[in-house]
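Let's take a look around this structure, one helix at a time. Have the view open as you read.

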Amino acid sequence: MNIFRVFIESGLAAQIIMIILVIFSIWSWALFFKKLYELALTNRRSKAFLMSYQFHKNIREMENLGHLLMDNPYGKILKDGIDEFKSLKFSSNPVNLQLAENIKLAMERTKAKEIETLESGLPILGTIVAASPFLGLLGTVWGIMESFLQIRARGSAHITVVAPGISDALITTVYGLLVAIPALIFNNLLRSRIIKLDSQLDNFISEVFAKMKKGLIETPTNPPL
């Protein structure tokens, strides 16, 4: 089947729907590769951070991670946690351990921002997944309606009368599914990877928070964590 020939021989309504679906298809593939690249970059930088982080056992050492605190979600979370830790530790007021939760909240806010950034574009992908089959269905209904109008206008149900409308009805459905199925796979694949990262960041926050909370109750005579 030559889809270009089918497109040229289709009615105007079917052509408009197919053009929209082709735009959706290009958009979804572009979004998929863009997000795939962003996630791969984040994963690579996060691995570099974690490799270095495991050799830094206390807060002061962690502050010396340099650019690793700025170019990945783990580093940014740790940096904001350290900033909050220092503001509590070195404040003039006695440290209230209930305020230690502020450290965790600061890290969770940073995590939420990072996840939100990684999820940007996914709502568009979800919309393409949902809308494409309906656009195909619209073309189907329109094609069938055209067929019945031709039957009424010519007073005949011969195949040469109904075939153009039926063809338009079927081809738009095919186009809609060809767009929706890959976009659905892309959407699920990207979301699963972001959900996995979200869970890993939660574990990281819990680990860092435990260290910082312990550091808050250290006396000045004891070395800080």
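## Helix α5 and what it packs against

Here, a residue is called buried when its relative accessible area is under 20%. Keep in mind that this is a predicted model.

With that in hand, try helix α5, which covers residues 101-119. Its 19 residues reach 27 Å from the first C-alpha to the last, close to the 27 Å expected at 1.5 Å a residue. Which residues of α5 are buried? They are Ile103, Ala106, Met107, Thr110, Lys111, Glu114, Ile115 and Leu118. An α-helix has 3.6 residues a turn, so residues three or four places apart point the same way.

The buried residues of α5 pack against three helices: α2 (12-53), α4 (73-89) and α7 (159-216). After α5 comes Gly121, with a positive phi near 95°.

## How α4 meets α7

The axes of α4 and α7 come within 10 Å and cross at roughly 25°. The two helices therefore count as roughly parallel, and their crossing is right-handed.

On the α4 side, residues making the contact include Tyr74, Ile77, Phe85 and Leu88. On the α7 side, Leu201, Phe204, Val208 and Met212 are among them. By type, the residues of this contact divide into 14 nonpolar, 3 polar and 1 charged.

## A closer look at Asp80

Asp80 sits in helix α4. Is Asp80 buried, exposed or partly exposed? Its relative accessibility is 29%, so Asp80 counts as partly exposed.

Setting aside neighbours within four places in sequence, Asp80 is in contact with Ala106 and Thr110, both listed among the buried residues of α5. Asn58 is 22 residues from Asp80 along the chain, and their C-alpha atoms are separated by 15 Å.

Note on methods: Residues are numbered from 1 along each chain as its sequence is written. This is a predicted model: local features need pLDDT of at least 70, side-chain atom pairs count only at pLDDT 80 or more; totals for chains, interfaces and linings use all residues. Side-chain values use heavy atoms; hydrogens and water are left out. Helices (H or I, at least four residues) and strands (E, at least two) are DSSP runs, numbered from the N terminus. The expected span of a helix is 1.5 Å times one less than its number of residues. Buried means under 20% relative accessible area, exposed over 50%, partly exposed in between (1.4 Å probe, protein chains only). Contact means heavy atoms within 4.5 Å. Axes are lines fitted to C-alpha atoms, for helices over the stretch in contact, and angles run from 0 to 180 degrees between N-to-C directions. Angles under 35 degrees count as roughly parallel, over 145 as roughly antiparallel, 65 to 115 as roughly perpendicular and the rest as oblique. A crossing is left-handed if the near helix is turned anticlockwise from the far one by less than a right angle, and right-handed if clockwise. Ala, Val, Leu, Ile, Met, Phe, Trp, Tyr, Cys and Pro count as nonpolar, Asp, Glu, Lys and Arg as charged, and the others, Gly among them, as polar.
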